[in-house]
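Visitor: I'd like to learn how to read charges and salt bridges in a model like this one. Where do we start?

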Amino acid sequence: MHIEELREYCLNQKAVYEEAPFGPDTLVFKVAGKVFLLVGLDQVDQLSFNVKCDPEYAVELREGYDNTVFPGYHMNKKHWNTVYANRELSDTVLFELVDHSYQLVFDSLPKKVREEIKSVI
């Protein structure tokens with residue numbers, strides 16, 4: 001997986017936009033103002049990104065893929081993982097982790113906001 005593929009996948013989620021609130025080296029993907037993925041733009045050798053994760057699932061992933069999934073760098077370690085691409089997980093699974101993060105954030109939005117997003121074609 002390349003950063004361009006990750007970016008395109010994120011932007012194809014409903015109502016997602018990107019920002020760089022922490023400076024030009026970190027791209028942040030949000031839905032309704034809530035972050036669901038962060039990725040550094042200054043990565044040279046290994047693509048990694050932070051995604052939100054259910055706490056129990058986060059532990060399971062870290063234990064099962066200890067070369068690929070780590071507690072979220074500069075994030076709440078209970079709810080965020082740093083995931084390295086092109087190691088133990090296929091692109092399909094990486095995209096599933098993006099989906100999981102998006103869904104967690106989407107589900108935490110107020111019902112009115114969720115309904116507005118769902119109504120957008």
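Guide: Start with what counts as a charge: Lys and Arg are positive, Asp and Glu negative, while His and the chain ends are left out. Keep in mind that this is a predicted model.

Visitor: How far apart are the mean positions of the positive and negative charges of the protein?

Guide: They sit 11 Å apart, taken over 13 positive and 20 negative charges. For scale, the C-alpha trace spans about 40 × 30 × 25 Å along its principal axes.

Visitor: And how many salt bridges does the count come to?

Guide: The idea is a side-chain nitrogen of Lys or Arg within 4 Å of a carboxyl oxygen of Asp or Glu. By that rule there are 2 salt bridges. In one, Glu18 pairs with Arg7, with the closest N and O atoms 2.5 Å apart. That pair ties strand S1 (residues 16–19), home of Glu18, to helix H1 (residues 3–11), home of Arg7, across 11 residues.

Visitor: What about the salt bridge of Lys30?

Guide: Lys30 pairs with Glu19, at 2.8 Å between the closest N and O atoms. Here Lys30 lies in strand S2 (residues 26–31) and Glu19 in strand S1, 11 residues apart.

Visitor: Is Lys30 buried or exposed?

Guide: Buried means under 20% relative accessible area. Lys30 has 13%, so Lys30 is buried, whereas Glu19 is partly exposed at 30%. In the other pair, Glu18 is partly exposed at 26%, and Arg7 is partly exposed at 38%.

Visitor: What share of the 121 residues is buried?

Guide: Buried residues make up 36% of them.

Conventions:
Residues are numbered from 1 along each chain as its sequence is written. This is a predicted model: local features need pLDDT of at least 70, side-chain atom pairs count only at pLDDT 80 or more; totals for chains, interfaces and linings use all residues. Side-chain values use heavy atoms; hydrogens and water are left out. Helices (H or I, at least four residues) and strands (E, at least two) are DSSP runs, numbered from the N terminus. Buried means under 20% relative accessible area, exposed over 50%, partly exposed in between (1.4 Å probe, protein chains only). The place of a charge is taken as NZ of Lys, CZ of Arg, CG of Asp or CD of Glu.
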